[in-house]
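Got your viewer open and a selection box ready? Please walk me through this one stop at a time, picking each residue as it comes up.

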Amino acid sequence: MSSRVLSGMRPTGRLHIGHLEGALSSWKELQTRHECFYFIADWHALTTNYADPSQIKESIYEMVADWIACGIDPEKSVIFQQSRVKEHSELTLLLAMITPLSWLERVPSYKEMREALKNRDLSTYGFLGYPLLQTADIIMYKADYVPVGEDQVPHIELTRKIVRRFNNFYGETFPEPQPMLTKAPKILGTDGRKMSKSYENAIFLSDTPEEITKKIMPMYTDPQRLRRTDPGNPDICGIYYLHKLYSAPGDIEMVNTECRRAGIGCVDCKKLLLPKLLEALAPIREKREELIRSKDYLEDVIAEGTKRAAEVAGETMQEVRSKLGLTH
Ligand code: TRP
Ligand code: SF4
């Protein structure tokens, strides 16, 4: 049997080109070679957004529409919703019994995010325990590979540690999952910082050509290029990063040389990029517009995927319960 891949995303809003070029392009490619489970991590969204869950429901449809529009194929991959497979909560509870508190307190994102999101109180039990929920998500499906960004690697390391402890106590049950680093081409937001919804600097997959144009034309470039005659450095320019993803090899080469000797100005450079970017994003936007209008279809996809996920989860939990003396 082919190996199994599992990954998830929190439903916190519309996706942008950072998600497309990072996670989703890998997810799409993986589904041709592996049995893939991709899930909507709605319980995870609550670990940080518990005080205002009003956006979650709508975000789920937006996110699944974005996934499918980017080529995640419900015929090939299992798309499901975490909170509909209650076994995730049961396995999390059982893992909580065997996980030393210090392992959770040591996860780097625990400290970092608590400090970064100062406007929310993250000194909750749910937030501390979220890597356990993530562990349950992964091992429920006995996943071999977990495509994630670099920031998630410590979580997968923790998962591996918990798996070893579980197998050690109760006998070989779960494989140790491997993190699979998704290729993450550099993408900057319109203000030169990392592209992120919370910075309001993102180009969304739902943006119209007019919106994209309005974001690209004033976009931050090499800050040293004050005048048209100043030479620039494409290696630090978000426009150049986009050229590398969307333009023809000849144009990329040209920008790379001409920018450095002030042979091309930023306005022309952006005008060269725009049609290519618009052309690449148009089919995605059209497809996601069509999908978001057919919520019934999206609902079917999620329901079907959840049914399949629940079958696997049911089997895993039967095995786990019996190993822990919990059969009735
Ligand atoms: N923690 C991940 C994030 O915030 C989402 C996630 C939850 C996940 N469970 C997972 C990713 C299991 C991979 C596997 O982005
Ligand atoms: Fe960036 Fe292009 Fe301007 Fe160079 S010419 S700084 S690559 S926008």
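Here is a short tour of a predicted model, with something to select at each stop.

**Stop 1: two strands and a helix**

Start by selecting residues 145–148, which make up strand β4, and residues 178–181, which make up strand β5. These two strands run parallel, and four bridges join them. Now add residues 153–170, helix α9, since the chain passes through this helix on the way from β4 to β5. The β-α-β crossover you have on screen is right-handed. Which residue of β5 is the bridge partner of V148? Click on L181 and you have found it.

**Stop 2: the ligand**

Next, pick ligand 1 and show what surrounds it. There are 13 residues around it, and those that come nearest are R10, F39, Q134, D137 and Q152. Turn on side chains for three of these and look at the polar contacts:

- R10 places a polar side-chain atom 2.9 Å from an oxygen atom of the ligand.
- D137 has a polar side-chain atom 2.8 Å from a ligand nitrogen.
- Q152 also faces a nitrogen atom of ligand 1, with a polar side-chain atom at 3.1 Å.

**Stop 3: a lysine in a loop**

Go to K142, in the loop between α8 (130–139) and β4. Is K142 buried or partly exposed? With a relative accessible area of 26%, it counts as partly exposed. Leave out residues up to four places away in sequence, and K142 touches R4, T173, F174, P175 and E319. Zoom in on T173: its backbone oxygen is reached by the K142 side chain at 3.4 Å. Then select T316 as well. Along the sequence, K142 and T316 are 174 residues apart, yet their C-alpha atoms are 8.3 Å apart in space.

**Stop 4: salt bridges**

Time to look at charges. Side chains of opposite charge can pair when their charged atoms come close. How many salt bridges does the count come to here? The total is 20, and the tour takes in a few of them.

Select E29 and R33 to begin. They form a salt bridge, with the closest N and O atoms 2.9 Å apart. E29 is partly exposed at 42% relative accessibility, and R33 is partly exposed too, at 46%.

Move on to helix α13 (residues 266–293) and pick R285 and E289. Their side chains meet in a salt bridge at 3.5 Å, N to O. Why is this pairing within reach along the helix? R285 and E289 are four residues apart in α13, so about one helical turn separates them. Colour the pair by accessibility and you get two classes: R285 is buried at 12%, while E289 is partly exposed at 33%.

Finish in helix α14 (residues 295–323) with R308 and E311. The closest N and O atoms of this salt bridge are 3.1 Å apart. The two residues sit three apart in the helix, so they too are separated by about one helical turn. R308 is partly exposed, with a relative accessible area of 30%, and E311 is partly exposed at 44%. Keep both selected and add R4 and E35: salt bridges that share partners join these four, R4, E35, R308 and E311, into one network. You have met R4 before, as one of the residues that K142 touches.

Definitions and conventions. Residues numbered from 1 in each chain as written. Chains lettered and ligands numbered in written order. Predicted model: local features only at pLDDT ≥ 70, side-chain atom pairs only at ≥ 80, totals over all residues. Heavy atoms only, no water. Pairing = 2+ DSSP bridges. Right-handed = clockwise from strand over helix to strand, strands pointing away. Buried < 20%, exposed > 50% of the residue type's maximum accessible area, 1.4 Å probe, protein only. Contact = heavy atoms within 4.5 Å. Polar contact = N/O pair within 3.5 Å; in protein donor to acceptor, adjacent residues only side chain to side chain. Near = heavy atom within 4 Å.
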